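Notebook open, structure loaded. I want the overall fold, then the strand pairing, then one loop residue in detail.

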Amino acid sequence: MTKVKICGLKNQTDIKCINTLSPDFAGFVMFFEKSHRNISPEKAQKLLSALDPNIKSVAVTVSPTEEQLEQIHTLGFDYVQIHGKISEKLLSECKTPVIRAINVSGIESIGDIENLDNVKGILFDSAVPGSGKSFDWYMLEKLPKNQKMLFLAGGLTADNVAKAVAQLRPFAVDVSSGVELADKSGKDFELVRTFIENARNSK
């Protein structure tokens, strides 16, 4: 069964939603002030303390520094999801298991990270991460299956996630904007519920 990651959680109401609906992963945007979903380490600590421990926590970052990665490790996240640029040295020395995010135009770079032991997953996103825009999923159909967790992100919604799962059978699907309230104040409980059901029940 394909797993589900709900990303961009930012308040206690979101945590209550997630704890009730039980996705497999919960994502928190950190050290990226351009995003309205960005939260401080102090807030992350409070939200993590309220999160069901059976749900894996993921700190979502863009080109993090060594100091930021150390803070994420200290907070006790299960994974760190890294977008943008990072040196192979810093990536290999990261103490928290890594989900390396790449956009679809960077598929050729997969070989550079497949051999790093602490990179546990690879997330495929659209050209503009967090934009809510999808890409041509057929681009991923011929990817060789390996030991890494493969996450599919970018423009997924409750309406199209079943099709995406049926077509690609990824390890997990990732959604943020596709399950937000219209005013972007947090997650929409019904959209999250329907997304999870459709992802898990896809034939």
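Before I look at strand pairs, a reminder to myself: two strands count as paired if DSSP finds at least two bridges between them. I also keep in mind that this is a predicted model.

**Entry 1: strand 1 and its partners.** I looked up strand 1 and strand 2 (residues 25-29) and found two bridges, in the parallel sense. Two is enough for a pair, because the cut-off is at least two bridges. Lys5 is the residue that stands opposite Phe25 in strand 2. Then I checked the pairing with strand 8 (residues 172-175): strand 1 (residues 3-6) runs parallel to strand 8, and four bridges join them. For Val4, the bridge partner in strand 8 is Val173.

**Entry 2: the connection.** What do strand 1, helix 1 and strand 2 make together? I get a right-handed β-α-β unit, with helix 1 covering residues 12-21.

**Entry 3: the whole sheet.** I followed the pairing around and got a closed barrel of eight strands, in the order 1-2-3-4-5-6-7-8, with parallel pairing. On average, neighbouring strands of this sheet are turned by 25° against each other, ignoring direction. I picked one more pair to look at: strand 5 (residues 98-103) and strand 6 (residues 119-125) share six bridges, again in the parallel sense. There, Val98 stands opposite Val119 in strand 6.

**Entry 4: chain totals.** I noted seven helices and eight strands for the protein chain. Of its 203 residues, 52% are buried. I took contacts between residues at least 6 apart in sequence, and 52% of them join residues at least 24 apart. The exposed area of the chain comes to about 9,900 Å², and carbon and sulfur atoms supply 50% of that.

**Entry 5: Asn38.** I found Asn38 in the loop between strand 2 and helix 2 (41-50). Is Asn38 buried or exposed? Neither label fits: its relative accessible area is 24%, so Asn38 is partly exposed. The reason is the cut-offs, since buried means under 20% and exposed means over 50%.

I then listed what Asn38 touches, leaving out residues up to four places away in sequence: Val29, Met30, Phe31, Phe32 and Glu33. With Phe32 I also have a distance: the side chain of Asn38 reaches the backbone nitrogen of Phe32 at 2.8 Å. Last lookup: Val60 is 22 residues from Asn38 in sequence, and their C-alpha atoms are 9.2 Å apart in space.

Key. Residues are numbered from 1 along each chain as its sequence is written. This is a predicted model: local features need pLDDT of at least 70, side-chain atom pairs count only at pLDDT 80 or more; totals for chains, interfaces and linings use all residues. Side-chain values use heavy atoms; hydrogens and water are left out. A crossover is right-handed if, with the strands pointing away from the viewer, the path from the first strand over the helix to the second runs clockwise. Buried means under 20% relative accessible area, exposed over 50%, partly exposed in between (1.4 Å probe, protein chains only). Contact means heavy atoms within 4.5 Å. Accessible areas come from the Shrake-Rupley method with a 1.4 Å probe; for residues, only the protein chains shown count as cover. Axes are lines fitted to C-alpha atoms, for helices over the stretch in contact, and angles run from 0 to 180 degrees between N-to-C directions. A polar contact is a pair of N or O atoms within 3.5 Å; within protein, one must be able to donate a hydrogen and the other to accept it, and residues adjacent in sequence count only if both atoms are side-chain atoms.
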